[in-house]
Amino acid sequence: MEGSWKGILAVLVVLAGLAASGSSYQIIEGPRNATVLEGSEASFNCTISPGWSLIMWALNGRVVLSITPKEPIITDKHFTSVSYEEGGNFISEMIIHNVQLSDAGHIKCSLQNSDRDGSAFLSVQVMGALHIPGGSLIVTEDEPCNVNCCAVGWSPLPDIFWEVGVQASHSSYYSVPEPDDLQGAVSILTLTPQGNGTLTCVANMTGLHTHKSVTVNLTVVQPPLESSYQSEIRSHVMNEEVYRHHVTDTTCSPCDPGHSLLVTWFGRGGYTFSEDTTKQQSENLPPLGPGRGQEERKDN
């Protein structure tokens, strides 16, 4: 009877030793959160004390990589492993190649026969396209104009700003999301240019030290010297004798602003322009002669 008790005690000692051995290894430092660009690589480290037998890496609850003391167990080349020692501890590094949006989520490093784990979160950003519609620009000097910069296919939306490489009396910009595109935005630059130069639109990725930019040339031209019919008339009137004919409207009350006369001026060069007038008295002006004057009633 005494011998059987000694055997039971021996088994208990062995089990206790195994339990103690199993609890001696642990995760010293787990992986850290990471934000990467789509198409790049993401890596996560897990530092473990000696004595472990199996390390498991999981993405969103699915084990994608396992590590034994002899070698890693790779079932998907999208996930690979690098291992090394530091200060007597073992460091397992999981690498995700060609990261896609579907890889975003919860990363976990765990050990066999252990309820402890280390976790982190992977964020994936997408750099889309950036363009200024129309390319190089030709605008009028000292006249305000708008220049658009379009960001398409970005996640999340970038921070957009402008680098104005032209002399301008005023410049400002603002950005708004595209109403029908969750991954699109447009930045509008308002500019009053005074010289030639370049305009650069820059889109920065949020949380990453990377950006994309697009540059266009801007050329200013002088405004036309005579851009309207009125300016043409004025230029000819200065050098020609103009006859003015006032006509009395005997049917309108002086207090009634609803009626006026359209009086036409005639220049000798054949150019005409008109003036609205209220009730006026005829002046002693040289007679216009047939076909040289014109009166027309109009209602305002």
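Colleague: Why does Cys-145 count as buried?

Modeller: Its relative accessibility is 15%, and buried means under 20% relative accessible area, with exposed being over 50% and partly exposed lying in between (1.4 Å probe, protein chains only). The value falls under the cut-off, so Cys-145 is buried. Do keep in mind that this is a predicted model, where local features need pLDDT of at least 70, side-chain atom pairs count only at pLDDT 80 or more, and totals for chains, interfaces and linings use all residues. Residues are numbered from 1 along each chain as its sequence is written, and side-chain values use heavy atoms, with hydrogens and water left out.

Colleague: What makes Cys-150 buried, and why is its sulfur not bonded to that of Cys-149?

Modeller: Cys-150 has 13% relative accessibility, so it passes as buried too. As for bonding, a disulfide is a pair of cysteine sulfur atoms within 2.5 Å. The closest cysteine sulfur to that of Cys-150 is in Cys-149, at 6.7 Å, which is too far for a bond.

Colleague: How many disulfides does that rule give, and which cysteines does each one join?

Modeller: The rule gives two disulfides. Cys-46 is joined to Cys-109, with 2.2 Å from S to S, and Cys-149 is joined to Cys-201, with 2.0 Å from S to S. Counting bonded cysteines along the chain, the pattern is 1-2, 3-4.

Colleague: Why is the disulfide of Cys-46 and Cys-109 called left-handed?

Modeller: The torsion about its S-S bond is about -90°, so the bridge is left-handed. For Cys-149 and Cys-201 the torsion is also about -90°, so that disulfide is left-handed as well.

Colleague: What do these disulfides tie together?

Modeller: A word on naming: helices (H or I, at least four residues) and strands (E, at least two) are DSSP runs, numbered from the N terminus. Cys-46 lies in strand E3 (residues 42-48) and Cys-109 in strand E9 (residues 105-111), so this disulfide ties together parts that are 63 residues apart in sequence. The other one links Cys-149 in strand E13 (residues 145-152) to Cys-201 in strand E17 (residues 197-204), 52 residues apart. Cys-46 is buried at 0% relative accessible area, Cys-109 is buried at 0% as well, and both Cys-149 and Cys-201 are buried.

Colleague: How do you know that strand E8 is largely enclosed by the rest of the structure?

Modeller: Eight of the eight residues of E8 (residues 89-96) are buried, so the strand is largely enclosed. In a regular strand the side chains alternate between the two faces of the sheet. In E8, Asn-89, Ile-91, Glu-93 and Ile-95 point one way, Phe-90, Ser-92, Met-94 and Ile-96 point the other way, and all are buried.

Colleague: What makes E3 and E7 partners of E8?

Modeller: Two strands pair if DSSP finds at least two bridges between them. E3 and E8 are joined by seven bridges and run antiparallel, with Asn-45 opposite Glu-93. Strand E7 (residues 79-86) and E8 are joined by eight bridges, again antiparallel; here Tyr-84 has Ile-91 as its bridge partner. The hairpin of E7 and E8 has two residues between the strands, and Gly-87 takes a positive phi near 65° there.

Colleague: What makes a set of residues a nonpolar core, and which members of the largest one touch the most others?

Modeller: A nonpolar core is a set of buried Ala, Val, Leu, Ile, Met, Phe, Trp, Tyr and Cys residues joined through side-chain atoms within 4.5 Å. The largest has 26 residues, and Phe-44, Ile-55, Trp-57, Met-94, Ile-96 and Leu-122 touch the most other members. E3 gives the largest share of this core, four residues. Apart from it lies another core of 23 residues, among them Leu-130, Val-139, Val-147 and Val-214.

Colleague: Why is Ser-187 called buried, and what makes its link to Ser-175 a polar contact?

Modeller: Ser-187, in strand E16 (residues 184-193), has 0% relative accessibility and therefore counts as buried. A polar contact is a pair of N or O atoms within 3.5 Å; within protein, one must be able to donate a hydrogen and the other to accept it, and residues adjacent in sequence count only if both atoms are side-chain atoms. The side chains of Ser-187 and Ser-175 meet this at 3.3 Å.
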